[in-house]
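These are my notes on the model, set out as numbered points so that each can be checked against the coordinates. Please read them with the structure open beside the text.

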Amino acid sequence: MAPLRFSANVSWLFPELPGLPARLRAAGSSGFRAAEVGWPYAEPPEALARAAREAGLQLVLINTPPGDREKGEMGLGAVPGRQAAFREGLEQAVLYAKALGCPRIHLMAGRVPQGADRAAVRGEMETVFLENLRHAAGVLAQENLVGLLEPINTRLTDPQYFLDTPQQAAAILQKVGRPNLQLQMDVFHWQIMDGNLTGNIREFLPIVGHVQVAQVPGRGEPSSPGELNFPYLFQLLEDEGYKGFVGCEYQPQGEGWPWGRELWRDRGCFLLMG
């Protein structure tokens with residue numbers, strides 16, 4: 001049974017530092033050996049690759065571009081009429097992933113259009129998503145990359161997001177049927193939408209390519225006050241044979257990372273930060 005490997009999500013951690021290169025260096029100085037970035041596109045890929053290399057970090061995950069943030073876009077994968085923009089963003093993400101040596105790209109589904117009824121547009125949006133995912137799977141396969149689908153909760157975080165439960169995401173993955181598309185499990189979102197984390201982890205872990213963690217409901221580090229028992233959840237992931245990375249995607253409430261050392265010391269286990 002291998003110990004879990006943690007990655008620093010530098011879009012969330014080290015918020016006191018102004019840029020991604022500085023945050024990558026801070027992650028390396030903190031002991032991490034892996035990192036992930038939401039949207040790296042404000043920085044030249046060469047600068048990020050150099051910062052990661054100097055920090056001794058492996059980049060393990062980036063997102064596809066969000067689209068037009070001023071118009072409220074948060075990904076384009078399932079958005080009708082934005083197929084061309086999704087494909088352009090995918091090409092940009094692939095360029096960054098190759099430059100960064102990053103093997104996984106989160107293919108963001110996007111939001112239900114403003115003013116639209118979710119139930120009324122669900123079928124059309126799923127059809128668009130399936131079309132885009134099949135295209136993405138082919139593009140990613142040429143570069144030996146993996147695409148991920150992440151459900152984002154619509155109760156607290158993003159009421160308009162199209163993909164919001166693991167069941168919905170798993171059904172879409174089954175319809176697409178491509179081995180290089182997998183599920184991204186953020187236990188923060190899963191707990192808020194469905195609970196039943198033990199059952200859902202056991203059911204869906206075989207198709208999970210990446211895990212992210214934050215406490216519920218405040219989205220702080222796992223040691224912050226909240227309803228999730230992270231020693232239990234981490235042990236469950238180990239017991240179920242999870243071999244991927246666990247992304248630290250939370251809003252630091254205290255010192256940010258020392259909870260990890262303390263948690264695993266208390267369990268009498270060895271911790272791999274990457």
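1. I begin with helix α1, residues 20-29, which is mostly covered, since seven of its 10 residues are buried. Please keep in mind throughout that this is a predicted model. The buried residues of the helix are L20, P21, R23, L24, A26, A27 and G28, a list in which the arginine R23 appears beside L24.

2. What, then, covers the buried residues of α1? The covering elements include the strands β1 (5-9) and β2 (34-36), together with helix α2 (45-55). After α1 comes G31, and the phi angle of this glycine is positive, near 110 degrees.

3. On the overall arrangement of the strands, eight of them close into a barrel, with the order β1-β2-β3-β4-β5-β6-β7-β8 and with parallel pairing. From one strand to the next the twist averages 30 degrees. Helix α3, which spans residues 83-100, packs on this sheet and touches both β3 (58-63) and β4, and the direction of α3 makes about 175 degrees with that of β3.

4. Strand β5 can be followed to its partners on either side in the barrel order. With β4 (residues 104-106) it pairs in the parallel sense over three bridges, and H106 stands opposite L148 of β5. With β6 (residues 181-186) it is likewise joined by three bridges, again in parallel; here L148 stands opposite Q182, while G147 stands opposite L181. L148 of β5 therefore has a listed counterpart in β4, namely H106, and another in β6, namely Q182.

5. The connections between these strands deserve a separate remark. The elements β4, α4 and β5 make a right-handed β-α-β unit. From β5 the chain crosses through α5 to β6, and this β-α-β crossover is right-handed as well.

6. Turning to the aromatic side chains, a search of the whole structure finds five aromatic pairs. One of them is formed by F129 and F162, which meet edge-to-face at 6.2 Å centre to centre, with 85 degrees between the planes. Why does this pair matter for reading the fold across the sequence? F129 lies in helix α4 (residues 118-142) and F162 in the loop between β5 (146-149) and α5 (166-176), so that the contact ties together parts that are 33 residues apart in sequence. Both F129 and F162 are buried.

7. A further edge-to-face pair is that of W190 and F204, with 6.0 Å from centre to centre and 85 degrees between the planes. This pair links distant parts of the chain, as W190 belongs to helix α6 (residues 187-193) and F204 to helix α7 (residues 197-204), 14 residues apart. As to accessibility, W190 is buried, and F204 is buried too.

8. Two remaining items concern aromatic rings elsewhere in the chain. F6, F230 and F234 form one aromatic cluster. In addition, the charged end of R5 sits over the ring of F245, at 4.0 Å from the centre of that ring.

Conventions: Residues are numbered from 1 along each chain as its sequence is written. This is a predicted model: local features need pLDDT of at least 70, side-chain atom pairs count only at pLDDT 80 or more; totals for chains, interfaces and linings use all residues. Side-chain values use heavy atoms; hydrogens and water are left out. Rings of Phe, Tyr and Trp (its six-membered ring) pair if their centres lie within 6.5 Å; planes under 30 degrees apart count as stacked, over 60 as edge-to-face and the rest as tilted. Helices (H or I, at least four residues) and strands (E, at least two) are DSSP runs, numbered from the N terminus. Buried means under 20% relative accessible area, exposed over 50%, partly exposed in between (1.4 Å probe, protein chains only). A charge sits over a ring if NZ of Lys or CZ of Arg is within 6 Å of the ring centre and within 35 degrees of the ring normal. Two strands pair if DSSP finds at least two bridges between them. A crossover is right-handed if, with the strands pointing away from the viewer, the path from the first strand over the helix to the second runs clockwise. Axes are lines fitted to C-alpha atoms, for helices over the stretch in contact, and angles run from 0 to 180 degrees between N-to-C directions. Contact means heavy atoms within 4.5 Å.
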